[in-house]
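Colleague: I have a few "how do you know" questions for you. Could we go through them with the structure open?

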Amino acid sequence: MSTIDNITYDEISIGQTATYSKTLTEDDLVLFAAVSGDVNPVHLDPEFAATTMFKERIGHGAWTGSIISAALALELPGPGTIYLGQSLSFRAPVKVGDTVTINLEVTEKKDGKNFVTLNTVAVNQDGTTVAKGSAEVIAPTEKLSLAKPELPPIKIG
């Protein structure tokens with residue numbers, strides 16, 4: 001079984017980086033629509049999406065934001081992180097089959113409160129920036145190494 005480890009506030013340094021990647025699957029798109037309630041036809045209806053500027057269905061912008069959350073929770077700082085906020089601007093669409101890589105870089109630390117600010121840049125497999133912004137977190141102070149939970153199989157339909 002694999003583990004997930006954190007990086008404590010004291011171990012974090014300005015300029016430190018981490019990455020996390022995920023591919024948007026058809027199941028991800030449908031499940032995100034179901035969980036969020038966002039059933040905008042540009043995400044779910046191929047005929048409608050073909051009439052838009054994108055010419056095909058696109059992923060939810062908030063899906064990309066959720067991948068940033070996963071990067072913070074699993075990579076930097078990792079387990080025990082408290083996600084305080086995110087500024088995020090969307091630059092290009094994410095389509096089914098695209099692999100989004102989140103690049104995190106520590107830009108600021110605030111001693112006393114254990115606040116950390118990170119630049120967040122999401123790029124697709126072609127290197128196109130699909131979203132960027134910054135995140136604020138409270139970094140953990142205690143070292144953790146935990147068994148990585150496995151998601152149960154999810155049946156759609």
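Modeller: Gladly! Let me begin with a term: helices here are DSSP runs of H or I with at least four residues, and strands are E runs of at least two, numbered from the N terminus. Please keep in mind that this is a predicted model.

Colleague: Where does that place K55?

Modeller: K55 sits in the loop between α3 (46-50) and α4.

Colleague: Why is K55 called exposed?

Modeller: Exposed means over 50% relative accessible area. K55 has 58% relative accessibility, so K55 counts as exposed.

Colleague: What makes the backbone of K55 worth pointing out?

Modeller: Its phi is near 70°, which is a positive value in a residue other than glycine. N114 also has a positive phi, near 60°, and N114 belongs to the loop between β4 (99-110) and β5 (115-123).

Colleague: What makes the peptide bond from L76 to P77 cis or trans?

Modeller: Omega is near 5° for that bond, and the bond is cis. P77 is in the loop between α4 (61-74) and β3 (82-90).

Colleague: Which pattern do the helices and strands follow along the sequence?

Modeller: The order is β-β-α-α-α-α-β-β-β-β-β, with four helices and seven strands.

Colleague: How much of the protein counts as buried?

Modeller: Buried means under 20% relative accessible area, and 36% of the 157 residues count as buried.

Colleague: And how do you know that residues far along the chain meet?

Modeller: A contact means heavy atoms within 4.5 Å. Among contacts with a separation of 6 or more, 69% join residues 24 or more positions apart.

Terms used: Residues are numbered from 1 along each chain as its sequence is written. This is a predicted model: local features need pLDDT of at least 70, side-chain atom pairs count only at pLDDT 80 or more; totals for chains, interfaces and linings use all residues. Side-chain values use heavy atoms; hydrogens and water are left out. Buried means under 20% relative accessible area, exposed over 50%, partly exposed in between (1.4 Å probe, protein chains only).
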